[in-house]
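These are my notebook entries on a single protein chain, written as I went through it with the coordinates open. I kept to charge pairs, cysteines, surface charge and backbone.

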Amino acid sequence: MPGPVLVPILGDQLSPEISSLADRKTDDTVILMMEVAEETTYVRHHKVKIALILSAMRHFAEELRQAGWTVDYVRLDDPENTGNFTGEVSRAVERHKARGVQVTEPGEWRVRQAMEQWRTDFPVRVRILPDTRFVCPLTDFYEWAAGRRELRMEWFYREMRRKTGLLMDGDKPVGGRWNFDAENRSGPEKGIAVPAIPAFEPDDATRQVLELVKARFGMHFGSLDTFAWPVTRADAEKSRDAFLHDRLPLFGKYQDAMVAGQDFLFHAALSPAINIGLLDPLDLCRRAEAEWREGRAPLEAVEGFIRQIIGWREYIRGMYWLEMPGLADANGLDANRSLPEFYWTGDTKMRCLADCVRATREHAYAHHIQRLMVLGNFALLAGLKPQDVADWYLVVYADAFEWVELPNVAGMVLHADKGRLASKPYAASGAYIDRMSDYCAKCAYKVKQKTGPDACPFNALYWHFLARNENKLAGYHRLAQPYATWRRMSEEKRAEYLESADAFLDTLKPAEPGWAR
């Protein structure tokens with residue numbers, strides 16, 4: 001009798017509808033799930049991230065067993081564990097006398113390279129299948145991108161709206177517009193009531209994982225004290241329903257707002273569950289659309305949410321595979337300053353950055369404006385090394401896998417890709433943070449003061465960034481006005497900005513080696 005087909009399922013493939021199982025039968029298949037040291041330490045991932053993925057994997061394995069599948073589960077502390085995917089698949093092929101290996105394509109370049117090598121290394125046929133959980137197959141994205149001078153997300157997003165039919169009235173967008181972003185830019189308002197997001201008490205399986213992570217990864221960044229993420233499909237669906245009911249109606253209005261100590265506001269906080277496979281992104285979008293069609297959520301909120309998923313998420317994935325492997329080394333602005341220590345410790349007088357690092361340490365989460373316009377904006381203005389910044393984002397966020405993290409950092413945050421992804425660098429002074437948050441009122445620095453030791457550092461850093469990159473950025477249409485303002489300044493004023501920025505940059509203490517790798 002020939003042996004079974006071995007189906008490895010990775011930690012971000014926790015979906016019953018995964019393509020590697022689509023044509024398989026329970027009596028002729030062994031599913032391999034493996035906790036391997038290499039995946040927990042190729043960067044020193046946040047303790048919450050490791051715990052989330054390992055616990056979700058263990059719960060998904062039980063879900064598969066209940067559905068009748070045979071699951072071979074290799075735990076991290078198994079003394080025979082080789083510590084990497086290739087070693088564990090090789091052992092399982094031999095252990096089960098498998099006649100073949102069938103696997104869904106991974107989300108990261110380095111894992112894809114390892115899988116391709118399996119075809120040479122293993123004595124059985126290896127099939128690598130497309131990941132059908134995305135709306136846009138990679139071949140379709142490559143076709144869309146071919147021959148285009150600009151690869152802007154907005155045009156791609158419109159194609160995804162047409163393809164899915166989401167928020168469409170025939171071939172026209174509902175409401176007569178594709179994008180309602182202009183209505184979604186409110187800063188925080190005093191007294192706004194923010195619903196709490198669901199928190200899930202760890203069960204026995206999760207508590208075992210938490211103890212394992214504390215013992216084995218105690219020196220990694222982050223805290224497990226408030227761990228409450230959903231690790232099962234049922235709990236992820238409860239989180240989904242709570243968002244749709246409690247927070248989606250005001251999600252759009254306040255999606256760019258920031259409030260000290262309010263780490264989630266009206267955000268979904270569903271990206272970890274989506275990215276590991278506990279929620280179907282297209283199903284989530286259809287449920288959000290239903291909230292609008294039933295009159296329970298405004299169009300601008302629903303459109304903004306759907307755009308983040310079928311627009312931005314799908315586009316980022318396509319750009320990652322289109323630009324790799326070169327994207328990992330991109331440094332179009334020649335930024336070479338080391339990552340400051342406060343990105344790990346939060347020890348800074350800048351209240352916005354301290355609060356964002358605190359939230360990140362506690363939850364392995366910060367919402368997209370905190371990531372882009374506070375943490376990312378500072379990294380851009382200060383000229384931090386792209387590879388250091390990318391490693392940091394990959395380490396600290398529970399939803400960060402390289403396919404989604406790297407294009408966001410190299411393209412959107414740091415403009416290291418020379419504008420392949422974004423039409424301009426997302427640089428801003430302290431005025432933006434003041435407008436969109438309550439951080440500045442109680443900050444040690446004065447946001448209205450432009451230069452000097454008491455001034456908000458973002459103010460002088462903004463002009464320092466534009467000045468040192470003028471030969472690279474002055475031709476950007478969307479930066480014409482800032483550069484015109486810079487040129488109108490007196491030489492004395494320009495020198496004052498540059499000296500103030502340099503004085504601040506000289507105070508930055510580089511992080512010690514070993515935080516990320």
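**Entry 1: a pair across the chain**

I began with Asp283, which counts as partly exposed at 30% relative accessibility, and I keep in mind throughout that the model is predicted. Its side chain meets that of Arg240 in a salt bridge, with 3.8 Å from N to O. The pair links distant parts of the chain, since I find Asp283 in helix 10 (residues 281-293) and Arg240 in helix 8 (residues 233-251), 43 residues apart. Is Arg240 buried or exposed? I looked this up and noted that Arg240 is buried, with a relative accessible area of 7%, whereas Asp283 is partly exposed.

**Entry 2: other charge pairs**

Side chains of opposite charge can pair when their charged atoms come close. I then asked how many salt bridges the count comes to, and the result is 42 salt bridges. I looked at some of them one by one.

The side chains of Arg162 and Glu159 form a salt bridge at 2.9 Å, N to O. Both residues lie in helix 6 (residues 153-164), where they are three residues apart, about one turn of the helix. Arg162 is partly exposed at a relative accessible area of 44%, and Glu159 is partly exposed as well, at 35%.

For Glu183 and Arg177, I noted a salt bridge between the side chains at 3.0 Å, N to O. Glu183 has a relative accessible area of 36% and is partly exposed, while Arg177, at 32% relative accessibility, also counts as partly exposed.

I also followed a set of charges that goes beyond a pair: Glu105, Arg112, Glu116, Arg119 and Arg317 are linked in a network of salt bridges.

**Entry 3: cysteines**

I next asked how many disulfides the count comes to, and the count is zero disulfides. To see why, I took Cys352, whose sulfur is 6.4 Å from the closest cysteine sulfur, in Cys443, which is too far for a bond; the cut-off for a disulfide is a sulfur pair within 2.5 Å. Cys352 is buried, with a relative accessible area of 7%. I checked Cys456 in the same way and found it in no disulfide, the nearest cysteine sulfur being that of Cys440, 6.0 Å away. Cys456 counts as buried too, at 10% relative accessibility.

**Entry 4: a negative patch**

Turning to the surface, I asked which residues form a negative surface patch, and wrote down Glu496, Glu499, Asp502 and Asp506. I then placed one of them, Asp506, in the segment after helix 21 (491-505). Asp506 is exposed, with a relative accessible area of 68%.

**Entry 5: backbone details**

Most residues other than glycine have a negative phi, and most peptide bonds are trans. With this in mind I searched for exceptions in the backbone.

The peptide bond from Met324 to Pro325 is cis, with omega near 5 degrees. I located Pro325 in the loop between helix 11 (299-323) and helix 12 (342-345).

Ala269 is not a glycine, yet I noted for this residue a positive phi of about 55 degrees. Ala269 lies in the loop between helix 8 and helix 9 (271-276), and at 13% relative accessibility Ala269 counts as buried.

Lys418 also has a positive phi, near 60 degrees, in a residue other than glycine. Its place is in the loop between helix 16 and helix 17 (430-436). Is Lys418 buried or exposed? I recorded Lys418 as exposed, with a relative accessible area of 64%, whereas Ala269 counts as buried.

**Entry 6: one buried loop residue**

Last, I looked up Ala398, which sits in the loop between helix 15 (386-396) and helix 16 (402-413). Despite its place in a loop, Ala398 is buried, with a relative accessible area of 0%. I also took one separation from this residue: the C-alpha atoms of Ala398 and Val71 are separated by 25 Å, and the two residues are 327 residues apart along the chain.

Methods:
Residues are numbered from 1 along each chain as its sequence is written. This is a predicted model: local features need pLDDT of at least 70, side-chain atom pairs count only at pLDDT 80 or more; totals for chains, interfaces and linings use all residues. Side-chain values use heavy atoms; hydrogens and water are left out. Patches are made of residues with over 30% relative accessible area and no salt bridge: like charges are joined within 9 Å, nonpolar side chains (Val, Leu, Ile, Met, Phe, Trp, Tyr) within 5 Å. Accessible areas come from the Shrake-Rupley method with a 1.4 Å probe; for residues, only the protein chains shown count as cover. A salt bridge is a side-chain nitrogen of Lys or Arg within 4 Å of a carboxyl oxygen of Asp or Glu. Lys and Arg count as positive and Asp and Glu as negative; His and the chain ends are not counted. The place of a charge is taken as NZ of Lys, CZ of Arg, CG of Asp or CD of Glu. Helices (H or I, at least four residues) and strands (E, at least two) are DSSP runs, numbered from the N terminus. Buried means under 20% relative accessible area, exposed over 50%, partly exposed in between (1.4 Å probe, protein chains only).
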